[in-house]
Amino acid sequence: MKKLARIAALLLVGIMTLAMLTGCKGAFETNPKAEEQILQYVQDTFKDRLNGKKLTNNSSLHQEAAQILAKVTEDGRIKESDFYRGKFTHYDGLDKAEVKIACIVLPEGPSEDGMLQMKEFTGDVQAFLEEPLRDLRVSCDMLLDFGVATRVINGKTYVAIAYVDYES
């Protein structure tokens, strides 16, 4: 009887361990140093549109960016339909605030299978963000909040940004 109880206990431990490991599927490796570099670059670039505010990596915007990065494949690609989201919202009493979340992808457009290739972040923040932030510089009157998330896949860092802007 004791032997049966021990076998049952070991079996239960194995099942619990397997369940615990299965729960970790959603987590992925990040690059906090790259996130900080990008945040600082955006702070410096948009200082005239921040009304004296110091940007932080807003946790809810960071989470929204991370959700998009979770859809990136092991070869660094994402479906065209998944790489961008935008929604109008009320933000600090402003009616025309818009939350935008986007992965940073290469400019050549989707392949025949509807996939976009993510742009790898190699450390040159200005070269990495110049193109993606060009439209934001033109259309944004006020940058209200910002979040950045990274995902490391096979040693390559990929980035998604999320921000709230206001166009008067």
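**A buried aspartate, two cores and a pocket**

A polar contact of 3.5 Å joins the side chains of Asp165 and Lys100; the term covers N or O atom pairs within 3.5 Å, one able to donate a hydrogen and the other to accept it within protein, with residues adjacent in sequence counted only if both atoms are side-chain atoms. The model is a predicted one, so to speak of local features takes pLDDT of at least 70 and side-chain atom pairs count only at pLDDT 80 or more, while totals for chains, interfaces and linings use all residues. Residues are numbered from 1 along each chain as its sequence is written, and side-chain values use heavy atoms, with hydrogens and water left out.

Asp165 sits in strand 6 (strands are DSSP E runs of at least two residues, helices H or I runs of at least four, both numbered from the N terminus). With 0% relative accessibility, Asp165 counts as buried, a label for anything under 20% relative accessible area with a 1.4 Å probe and protein chains only. Beyond four places in sequence, Asp165 touches residues including Lys96, Leu136, Met142 and Leu144, where contact means heavy atoms within 4.5 Å.

Leu144 in turn touches Asp165, along with Lys53, Tyr91 and Val164 among others further than four places away in sequence. Leu144 and Val164 also turn up among the residues with the most contacts inside the largest nonpolar core, which has 24 residues. Such a core is a set of buried Ala, Val, Leu, Ile, Met, Phe, Trp, Tyr and Cys residues joined through side-chain atoms within 4.5 Å. Helix 3 (59-69), strand 3, strand 5 (142-153) and strand 6 each give two or more residues to this core. Another core, of 22 residues, lies apart from it and includes Leu39, Phe46, Leu55 and Phe146.

Then there is the largest pocket, at about 490 Å³. A pocket here is an open set of points on a 1 Å grid over the protein atoms alone, where a 1.4 Å probe fits, with protein on both sides within 12 Å along at least five of seven lines; lining residues have an atom within 4 Å of a point. Of its 21 lining residues, Phe83, Ala102, Cys103, Glu131 and Pro132 are the closest to the centre. Helix 4 gives the most to the lining, seven residues. The lining splits into 14 nonpolar, two polar and five charged residues.

Phe83 is also one of the contacts of Leu116, a strand 4 residue that counts as buried at 4% relative accessibility.

Note on methods:
Grid points are joined across faces, edges and corners, and a volume is the space filled by probe spheres set on the points. Ala, Val, Leu, Ile, Met, Phe, Trp, Tyr, Cys and Pro count as nonpolar, Asp, Glu, Lys and Arg as charged, and the others, Gly among them, as polar. Buried means under 20% relative accessible area, exposed over 50%, partly exposed in between (1.4 Å probe, protein chains only).
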